[in-house]
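Let's go through some of the labels in this model and see what stands behind each one. Have the coordinates open and check along as we go.

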Amino acid sequence: MGHPLIRELWNHFPENMFLVRVEEDGHFTLEAANPAQIDTIGRECLGQPLAAFLPAATAESIYARYRECVARNKPMRYQEHAAFFDEDGNEQYGYWLTLIVPLHNADDDPQRVTHLFGISQDVTELHQARDALERHNQALEARVEQRTAELQHANRELRLLNGQLEEMATRDFLTGCYNRRHIETLGQREIERAWRYGTSLSVLMIDLDAFKQVNDTQGHGAGDAALKRVAASLQSALRANDLLGRFGGDEFLILLPESNSEDACATAERLQQQTLALTAISISVGIATLRRDDSLESLAARADQQLLAAKREYHRKVSG
């Protein structure tokens with residue numbers, strides 16, 4: 001290190017600088033090291049084979065790099081993760097970005113590599129920071145996944161709750177069938193569908209015979225129970241596409257898509273028979289079938305007129 005500039009670089013360069021002698025037997029001896037390198041491995045390592053002051057696995061890994069550089073006879077740059085013994089003999093680990101350059105003896109054999117000059121930059125802290133950042137990112141990703149899963153669960157719960165609320169808003173609280181507002185909405189929809197596809201549509205208007213007498217003699221609790229039993233009986237006797245709603249008081253409206261007047265009469269008779277058999281309660285039924293100029297209001301009104309006629313017939317039979 002005779003040149004002043006080289007000597008200044010050698011003594012004050014902050015990264016590790018070293019000179020390794022290539023031995024005839026293929027081993028490598030640390031011939032010189034700058035102060036930064038000495039601070040890392042200790043002065044007693046000078047003049048020693050690498051295997052004398054490095055863990056065996058680390059020494060062999062470094063030997064492999066050095067042999068490759070000698071064989072290629074070209075500079076090599078690489079990153080290494082290595083273990084070493086500090087001045088107190090404790091094994092330490094670190095990462096280095098290393099450049100090794102083959103040197104030749106021009107006076108002997110200009111092709112023969114006699115030494116390797118190296119510079120190693122300690123990037124251990126950079127790796128530790130990168131690893132810490134990776135762990136932090138993984139933790140953030142895990143939290144994002146957890147929060148996303150929680151949000152998806154909350155959204156599912158909200159959709160379920162909204163569905164339940166919407167269902168509750170369409171149902172009669174006592175009987176569980178559609179309430180009047182919703183059955184009217186469905187009725188108008190079925191009328192429009194029947195017009196669009198040219199299909200028939202009938203409605204049944206139903207009420208319980210002698211319902212007022214039940215309320216007056218047995219109380220409103222008995223009346224409510226009767227309404228629930230009749231609603232359940234009606235629902236069980238209908239087709240999947242038939243629609244049942246409580247129209248008010250003890251009146252029920254049933255929409256029968258794709259049913260003409262004959263179909264509706266057969267359905268009404270079946271409902272009367274089944275309801276009487278299952279609940280011991282008789283019902284009266286009014287029937288109306290869709291006309292071209294009908295609205296739901298006019299269709300239901302005609303069914304209601306038929307129901308009033310059926311009620312008068314029921315009372316005539318009872319009183320007669």
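Q: How do you know that the length of helix α6 fits the span expected at 1.5 Å a residue?
A: Before the numbers, some ground rules: this is a predicted model, in which local features need pLDDT of at least 70, side-chain atom pairs count only at pLDDT 80 or more, and totals for chains, interfaces and linings use all residues. Residues are numbered from 1 along each chain as its sequence is written, and side-chain values use heavy atoms, with hydrogens and water left out. Helices (H or I, at least four residues) and strands (E, at least two) are DSSP runs, numbered from the N terminus. The expected span of a helix is 1.5 Å times one less than its number of residues. Helix α6 covers residues 180-197, which is 18 residues, and reaches 26 Å from first C-alpha to last, close to the expected 26 Å.

Q: Which residues of α6 are called buried, and what covers them?
A: Buried means under 20% relative accessible area, exposed means over 50%, and partly exposed lies in between (1.4 Å probe, protein chains only). In α6 the buried residues are His 182, Ile 183, Leu 186, Gly 187, Glu 190, Ile 191 and Ala 194. Their cover includes helices α5 (124-170) and α10 (296-319), together with strands β6, β7 and β8. Just after α6, Gly 198 takes a positive phi of about 65°.

Q: What makes Thr 170 count as buried?
A: Thr 170, in helix α5, has 9% relative accessibility and therefore counts as buried. Leaving aside neighbours within four places in sequence, Thr 170 is in contact (heavy atoms within 4.5 Å) with Cys 177, Tyr 178, Asn 179, Arg 181 and His 182. Thr 170 and Arg 181 are eleven residues apart in sequence, with 7.5 Å between their C-alpha atoms.

Q: How do you know that the span of α8 agrees with its number of residues?
A: Helix α8 runs over residues 220-237, so its 18 residues should span 26 Å at 1.5 Å a residue; the end C-alpha atoms are 26 Å apart, which agrees.

Q: Which residues of α8 are buried, and why are they said to be on the same side?
A: The buried ones are Gly 223, Ala 226, Leu 227, Val 230, Ala 231, Ser 233, Leu 234 and Ala 237. They cover an arc of only 165° around the axis (taken from the directions from the helix axis to the C-beta atoms), and this puts them on the same side of α8. An α-helix has 3.6 residues a turn, so residues three or four places apart point the same way. On the other side of α8, Gly 221 and Ser 236 are exposed. The cover over the buried residues of α8 includes β6 (201-208), α7 (211-218), β7 (243-248), β8 (251-257), α9 (261-279) and β9 (283-289).

Q: Why are α8 and α9 called oblique to each other?
A: Axes are lines fitted to C-alpha atoms, for helices over the stretch in contact, and angles run from 0 to 180 degrees between N-to-C directions. Angles under 35 degrees count as roughly parallel, over 145 as roughly antiparallel, 65 to 115 as roughly perpendicular, and the rest as oblique. The two axes come within 9 Å and cross at roughly 135°, so α8 and α9 are oblique to each other. The contact is made by Arg 229, Val 230, Ser 233, Leu 234, Ser 236 and Ala 237 of α8 and by Arg 270, Leu 271, Gln 274, Thr 275, Leu 278 and Thr 279 of α9.

Q: What makes Gln 274 count as partly exposed?
A: Gln 274 belongs to helix α9, and its relative accessibility is 24%, so it counts as partly exposed. Leaving aside neighbours within four places in sequence, Gln 274 is in contact with Ser 233, Ser 236 and Ala 237.

Q: Why does Gly 286 count as buried?
A: Gly 286, placed in strand β9, has 0% relative accessibility and so counts as buried. Beyond its neighbours within four places in sequence, Gly 286 is in contact with Val 203, Leu 204, Met 205, Ala 303, Gln 306 and Leu 307.

Q: What makes Glu 258 count as exposed?
A: Glu 258 is in the loop between β8 and α9, and at 55% relative accessibility it counts as exposed. Phi of Glu 258 is near 55°, a positive value in a residue other than glycine. Most residues other than glycine have a negative phi.
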